Amino acid sequence: MLLVYATSVLAAGDYVALRRQMVQQDIRARGISDKAVLRAMGKVPRHELVSPAYRSSAYADHPLPIGEGQTISQPYVVALMTEALELKPHERVLEIGTGSGYQAAVLAEIVREVYTIEIRPGLAARAGKALKGLGYGNVSIKNADGYFGWKEKAPFDAIIITAFANHIPPALIEQLRPGGRLILPLGNTTFHQTLTLARKKKNGEVELRMMGGVSFVPMVGKVQGNQPGL
Ligand code: SAH
């Protein structure tokens, strides 16, 4: 028991080295070039946001369990989605699907204000505590169904949905400012969705761009046409 435990614990310096390697090999080498995104991914302590049992593999090139059957995305996918939003430092971003809080922390390193909604109370509470502990005072968390967005805080410059849905929730398009960007895994099937970037034009029309295949956990609640059945 002790041995297993001992092999899964790394020193703080090891995490810094693993994070640097992740940014170089898995993110920069695959074409992510936005400096703010690279800086944020090089800074956020991902190992502090995953379940303790997975800490030593926090910087590996794949998704990880975060409890309640949910997963934190592969670092490259986090970088790809964040870069696609073309964020500016003064902007305000809404995230649907807080999960571990990792994506919210990456956003918080780049923009002024981050609002994030999580439907599972346990995950919302844990992420809130973790983000506060890490000093992310510019992140606000709400435990609710993200299908309806966060009307009081709208409009947003960008919206990121980190669970898959078969349509874009209309309220989220409404809460996006003209010129705003929204990204989500769009699809119907569990193991494959299409990463889709929506841009709201000045005249309110929405332009879509398909960015390739991804695999996310489903968005639940109203988007599925029923009450939250977690
Ligand atoms: N962005 C997260 C990972 C997201 S996993 C991270 O960085 O760790 C997807 C998350 O979406 C899960 O936590 C799941 O509970 C949440 N979710 C699913 N449906 C949702 C909904 N309708 N509203 C808000 N959150 C939802």
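## Two exposed turns of the backbone

A residue counts as partly exposed when its relative accessible area lies between the 20% under which residues are buried and the 50% over which they are exposed. In this predicted model, E86 has a relative accessible area of 40%, so E86 is partly exposed. You will find E86 in the loop between α4 and β3. The phi angle of E86 is worth a look too: although E86 is not a glycine, its phi is positive, near 45 degrees.

A second glutamate, E68, belongs to the loop between β1 (64-67) and β2. E68 is also a non-glycine residue with a positive phi, in this case about 55 degrees. With a relative accessibility of 45%, E68 counts as partly exposed.

## Overall build

Let's step back to the whole chain. The protein has seven helices and nine strands. Its radius of gyration is 17 Å, close to the 17 Å that the globule rule gives for 230 residues, so the protein is as compact as a globular protein of that length.

Taken along the principal axes, the C-alpha atoms fill a box of roughly 60 × 40 × 35 Å. Buried residues make up 49% of the 230 in the protein.

## A parallel strand pair and its crossover

Strands β4 and β5 (residues 139-143) run parallel and are joined by five bridges. On the way from β4 to β5 the chain passes through helix α6 (residues 121-133), and this β-α-β crossover is right-handed. If you would like to pick out one bridge by eye, E118 has N143 in β5 as its partner.

Beyond β5, the loop between β5 and β6 (156-161) holds P155. The peptide bond that joins A154 and P155 is cis, with omega at about 5 degrees.

## The largest pocket

The largest pocket has a volume of about 500 Å³. It is lined by 35 residues, and those closest to its centre are T71, T162, A163, F216 and V217.

Which elements build this lining? At least two residues each come from β2 (70-72), α4 (75-84), β3 (92-96), α5 (102-110), β4 (113-118) and β9 (206-214). The largest share, three residues, is supplied by β2. Sorted by character, the lining has 18 nonpolar, 13 polar and four charged residues.

Some of these elements have already appeared above. Strand β4, one of the contributors to the lining, is also the strand that runs parallel to β5. Helix α4 and strand β3 each contribute to the lining as well, and the loop between them carries E86.

How values were computed. Residues are numbered from 1 along each chain as its sequence is written. This is a predicted model: local features need pLDDT of at least 70, side-chain atom pairs count only at pLDDT 80 or more; totals for chains, interfaces and linings use all residues. Side-chain values use heavy atoms; hydrogens and water are left out. On a 1 Å grid over the protein atoms alone, a cavity is a set of points where a 1.4 Å probe fits but cannot get out, and a pocket is an open set with protein on both sides within 12 Å along at least five of seven lines; lining residues have an atom within 4 Å of a point. Grid points are joined across faces, edges and corners, and a volume is the space filled by probe spheres set on the points. Helices (H or I, at least four residues) and strands (E, at least two) are DSSP runs, numbered from the N terminus. Ala, Val, Leu, Ile, Met, Phe, Trp, Tyr, Cys and Pro count as nonpolar, Asp, Glu, Lys and Arg as charged, and the others, Gly among them, as polar. Two strands pair if DSSP finds at least two bridges between them. A crossover is right-handed if, with the strands pointing away from the viewer, the path from the first strand over the helix to the second runs clockwise. The radius of gyration is taken over C-alpha atoms; the globule rule is 2.2 Å times the number of residues to the power 0.38. Buried means under 20% relative accessible area, exposed over 50%, partly exposed in between (1.4 Å probe, protein chains only).
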